[in-house]
Each structure stands twice: as C-alpha cells, then as structure tokens.
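Here are some notes to read alongside the structure. Have the 3D view open and go through the points in order.

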Amino acid sequence: MPGKVKDARHGQGKKAAQLDGTRKLPTHLYETELYRLQGELVKMQEWVRAEGARIVVIFEGRDAAGKGGTIKRVTQYLNPRLARIAALPAPTERQRTQWYFQRYVENLPAAGEVVLFDRSWYNRAGVEHVMGFCTKEEYSRFLHQCPIFERLLVEDGILLRKYWFSVSDEEQQHRFESRLHDPLRGWKLSSMDLESITRWEDYSRAKDEMFVHTDIPEAPWHVVESDDKRRARINMIAHLLSTVPYHKVKQPALKLPPRPPAQGYIRTPRDMQAYVPDHAAKLLAGNGKDGADGAR
C-alpha cells in the first residue's frame, strides 16, 4: 500500500511538472491556441465598442521579460483606433512639475477603447526608485496615492488589469546576450537595461514593496511566469479574456455591391507618375524564377 501511495504521488508530481511552466509549449499548440485567443480578443473589442466600455491593461516586469512581444500578439488583429498602446517616454521638464499621475491620465481610454500601457505609472516604484531618479518623499507619496488613484479609476467604471511578467535572472541574461548581437533588436538593449543586471536584488526588493502597497482587491496584480515566452503570451491573454464579461456582438450583414459599368474613364499613363522600383523583380531574377513559378 505505501508503495502505491508513493507511485501515485510520483504520478501527480509528473503532472504538476507539466503544469508549472517548466515544459516548453510546442509551436503547433502555441500557434493554434494563439490564433483562437486572438479571435476572442476581436470579439472582446467589438463588445467594448458596442457597450462603451473602457479597459486599461498594465504590463510591468523586468527588462526582457517579454512584455513587448505579448503586447504585439494582443493587438495584432485589433483595430488601432480602438486599441492603443501607451509607451510613454521620459517626462519633459514641464511634466516633472505636474502631479505625477497627470500625464498618464491623459492616456486613459474613452468609451469604447482599450489602452495597453507598456510600462506605466509604476515606473516610480521601480526604475525611478532603484536608480534614484525620484526622492524618497516622492516614492513614499506614490505608494500612498497609487491605490487611491486606481480605486478612483475602478469606481468610475474602468476595467483595470495589472500584469507583472516574471523572468529568471538566467533567462534575462540569455535574452540580453541575444539582443547584444542582433542588429534588428539591438535597440531594445540600453545602458539602463545593463544596469538592471547589477541591481537584480534591488529591483526584487522594490517589486516586493510595490506589491505590498498596490496589490489591492479592486486592482490586484497578476503574475505571469515568462521564461517561456509562448506560455506567457497564451496564459496572459487567456486570463485577460476570462476577467472581462464580453460576449459576441451581432454584426450587420455586409454584402459587396456590384461594380457599376465603365463610364469612359481613362487611366493616367504610367510614365506620368513615379512608381516604386520593382525590387521584388530583382529577387526573382536572382533566384532564377519568374512570377509564374512564384505563384505555384
């Protein structure tokens, strides 16, 4: 009997390991589920538009934790007029004299809009605090005011969702190294990012302190394990959808009208307009293929 209990526990342990984020999500499963979830995001967007709802989604976490890639997948098929990304630069001298939350308020959604903050007002509790870009008084004031500010947003009807992307120091190091030698992603790596390596524990303490003060019932934090980017994207999007009471909105039936008969219009001669050079033709010629081959 004890042996059976041990075996059962061992089996449960294997199942748990499959569910705890240690297994990489296969590409075919990831792509299939991502496409399905993106279809649900489109439905959610239509519900937001029809109901005049307002959604704010905050993406926070360490550098290279996968926030940007997840935001891209969230917005890939959404209407950019209804779903906006707010990635604010460093404040101007004038903005530094304003109430800290003021420039973020200007980016909050109107009715029928979704705003995704690629980093947010939590800069003050993270990089500004750790790097000494704000005073101790400003930091303490933020921790006091932030829960009040977020309660006001929720009381006014805004659906506020906060996600913290958690990445291990080993995986962050790997991603930094890959960016260091990638000409297409080198812009993602800054001296500030490199500084975060030497201040890992400082950022950990800052995050813990931030959670103590701002993980409130009205606007709780949701942690996304992101060592596996695919799992992180799937998990975050699925969770977001599960927290929004959307439903499919019936769309009016659309039908393409018949094209009217020609009425004598003559197109402007091609040599009177400046066309973009056919760079693709050079590629085909260099590859020994013609348009027909490419079509097949």
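1. Start with Tyr-122 and Phe-142, which are both buried. Keep in mind that this is a predicted model. The two rings make an edge-to-face pair, with 5.8 Å from centre to centre and 85 degrees between the planes. Tyr-122 sits in the loop between strand S3 (113–118) and helix H6 (127–130), while Phe-142 belongs to helix H7 (residues 136–155), so their pairing ties together parts that lie 20 residues apart in sequence.

2. That pair has plenty of company, since a search of the whole structure turns up 19 aromatic pairs. Take Trp-99 and Phe-101: their pair is tilted, at 5.2 Å centre to centre and 55 degrees between the planes. Are these two buried or exposed? Trp-99 counts as partly exposed because its relative accessibility is 44%, whereas Phe-101, at 0%, counts as buried.

3. Now look at how the rings join up. One aromatic cluster includes Trp-99, Phe-101, Tyr-122 and Phe-142, along with Phe-149, Phe-211 and Trp-221, among others. Phe-211 also has a charged neighbour: Lys-207 lies over its face, 4.5 Å from the ring centre. Another case of this kind is Arg-62, found over the face of Trp-200 at 3.5 Å from the ring centre.

4. On to the nonpolar cores. Nonpolar side chains tend to be buried together in soluble globular proteins. Here the largest nonpolar core has 32 residues, and those with the most contacts inside it are Leu-41, Met-44, Val-57, Phe-165, Met-236 and Ile-237. Several elements give two or more residues to this core, including strand S1 (54–61), strand S4 (159–166) and helix H11 (229–243). Which element gives the most? It's H2, with seven residues.

5. Ile-237 is a good place to zoom in. Not counting residues up to four places away in sequence, Ile-237 touches Leu-34, Leu-37, Leu-41, Arg-73 and Val-74. There is also a second, separate core of 27 residues, and Cys-134, Cys-146, Phe-211 and Trp-221 are among its members.

6. Please have a look at Lys-67, in helix H3. Lys-67 is buried but has no salt bridge; Asp-63, the nearest side chain of opposite charge, is 5.3 Å away. A salt bridge would need the side-chain nitrogen within 4 Å of a carboxyl oxygen. Leaving aside neighbours within four places in sequence, the contacts of Lys-67 include Phe-59, Glu-60, Asp-118 and Phe-165.

7. Elsewhere, charges do pair up: the structure holds 15 salt bridges. One of them joins Glu-93 to Arg-96, with the closest N and O atoms 3.6 Å apart. Both residues lie in helix H4 (residues 93–96), three residues apart, or about one turn of the helix. Glu-93 counts as exposed because its relative accessibility is 63%.

8. Compare that with Glu-218 and Arg-151, whose salt bridge has its closest N and O atoms 3.2 Å apart. This pair links distant parts of the chain: Glu-218 is in the loop between helix H10 (200–214) and strand S5 (221–225), Arg-151 is in helix H7, and 67 residues separate them. Glu-218 is partly exposed at 36% relative accessibility, and Arg-151 is partly exposed at 30%.

9. Last, a small network: salt bridges link Arg-199, Glu-201, Asp-202 and Arg-205. Within this network, Asp-202 bridges to Arg-199, with the closest N and O atoms 4.0 Å apart.

How values were computed:
Residues numbered from 1 in each chain as written. Predicted model: local features only at pLDDT ≥ 70, side-chain atom pairs only at ≥ 80, totals over all residues. Heavy atoms only, no water. Phe/Tyr/Trp six-rings, centres within 6.5 Å; stacked < 30°, edge-to-face > 60°. Buried < 20%, exposed > 50% of the residue type's maximum accessible area, 1.4 Å probe, protein only. Helix = DSSP H or I, 4+ residues; strand = E, 2+ residues; numbered from the N terminus. Lys NZ or Arg CZ within 6 Å of the ring centre and 35° of its normal. Core = buried A, V, L, I, M, F, W, Y, C linked by side-chain atoms within 4.5 Å. Contact = heavy atoms within 4.5 Å. Lys, Arg positive; Asp, Glu negative; His and termini not counted.
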